[in-house]
Amino acid sequence: MVILNNKPYLLPEIPPVFKAPFDWLQIMWNINNHMQGPILDENISEDKRIIFDGMKLEKNTISQNHLGLYYLHMSRFILFFEAWTQNPETPSLREFIRLFDKGIDPFG
C-alpha cells in the first residue's frame, strides 16, 4: 500500500523475477560474442559458413542438452538479425537450416 496525494492505493502484486540458469546465460553469451555467420557466400566451403571465432569449445565436452541450447540460441540470434534487417525472405535462417539439414557442424 502506498499513499499518493493523501489517498491510499493498493499496489498490484509484483510477480517474482527469475534469473536464467548459468548454462543458458553462458551459451547466449558465447553465441552473441563469438558466432559469425551464416555467411551467404557460395565461394566459401560449407563447413566454414558458421564459425565461432576465438571461442574455445570442445564438442566432445558438450552435452546433448547444451548442444540443443546452442542451436536454439543460434537460430534466435539469426531471427533477431533477420527482423532487424526487415528481410521477409530470411536468407540467413534458410542457410542455417540448410547447413543443419546437411549435417554441417559449426563446432567442428
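**Figure 1. Lining of the second largest pocket in the predicted model.** Helix H2 supplies the largest share of the lining of the second largest pocket, 3 residues. Helix H1 (22-34) and helix H2 (64-85) each contribute at least two residues to this lining. The full set of lining residues is Ile31, Asn32, Met35, Gly37, Pro38, Phe77, Ile78, Phe81 and Ser92. By type, the lining of this pocket holds 6 nonpolar and 3 polar residues, and no charged ones. The volume of the second largest pocket is about 150 Å³.

**Figure 2. The largest nonpolar core.** This core has 17 residues. Those that touch the most other members are Ile31, Met35, Phe52, Met74, Phe96 and Phe107. Two or more residues come from each of H1, H2 and helix H3 (91-101). The most is given by H2, with 6 residues. Ile31 and Met35, named here as core members, also appear in the lining of the second largest pocket. In soluble globular proteins, nonpolar side chains tend to be buried together.

**Figure 3. Surroundings of Phe52.** Phe52 is one of the core residues that touch the most other members. With neighbours within four places in sequence set aside, the contacts of Phe52 are Ile31, His34, Met35, Met74, Pro106 and Phe107. Among these contacts, Ile31, Met35, Met74 and Phe107 are also listed with Phe52 as core residues touching the most other members.

**Figure 4. The two faces of helix H3.** The buried residues in H3 are Ser92, Leu93, Glu95, Phe96 and Leu99. They line one face of the helix, because their directions seen down the axis of H3 fall within an arc of 160 degrees. Helix H2 is included in what covers these buried residues. On the face of H3 turned away from the buried side are the exposed residues Arg94 and Asp101. Gly103, just after H3, has a positive phi of about 85 degrees.

**Figure 5. Ser75 in helix H2.** The position of Ser75 is within H2. Ser75 counts as buried because its relative accessibility is 18%, and the cut-off for buried is under 20%. Apart from neighbours within four places in sequence, Ser75 is in contact with Leu93 and Phe96. Leu93 and Phe96 are themselves among the buried residues of H3.

**Figure 6. The largest cavity and its lining.** The structure contains 1 cavity of 30 Å³ or more. The volume of the largest cavity is about 70 Å³. Its lining is made up of Glu46, Asp47, Arg49, Ile50, Tyr71, Phe96, Leu99, Phe100, Ile104, Asp105 and Pro106. H3 gives the most to this lining, with 3 residues. The residues lining the largest cavity divide into 7 nonpolar and 4 charged, with no polar ones. Phe96, part of this lining, is in contact with Ser75, and Pro106, also part of the lining, is in contact with Phe52.

**Figure 7. Thr61 in the loop before helix H2.** Thr61 is found in the loop between strand E4 (51-52) and H2. Thr61 has a relative accessible area of 61% and is therefore exposed, the cut-off for exposed being over 50%. From C-alpha to C-alpha, Thr61 and Pro91 are 31 Å apart in space, and in sequence they are 30 residues apart.

Conventions
Residues numbered from 1 in each chain as written. Predicted model: local features only at pLDDT ≥ 70, side-chain atom pairs only at ≥ 80, totals over all residues. Heavy atoms only, no water. 1 Å grid on protein atoms, 1.4 Å probe; cavity = no way out; pocket = protein on both sides within 12 Å on 5 of 7 lines; lining within 4 Å. Points joined across faces, edges and corners; volume = space filled by probe spheres on them. Helix = DSSP H or I, 4+ residues; strand = E, 2+ residues; numbered from the N terminus. Nonpolar A, V, L, I, M, F, W, Y, C, P; charged D, E, K, R; others polar. Core = buried A, V, L, I, M, F, W, Y, C linked by side-chain atoms within 4.5 Å. Buried < 20%, exposed > 50% of the residue type's maximum accessible area, 1.4 Å probe, protein only. Contact = heavy atoms within 4.5 Å. Arc of directions from axis to C-beta.
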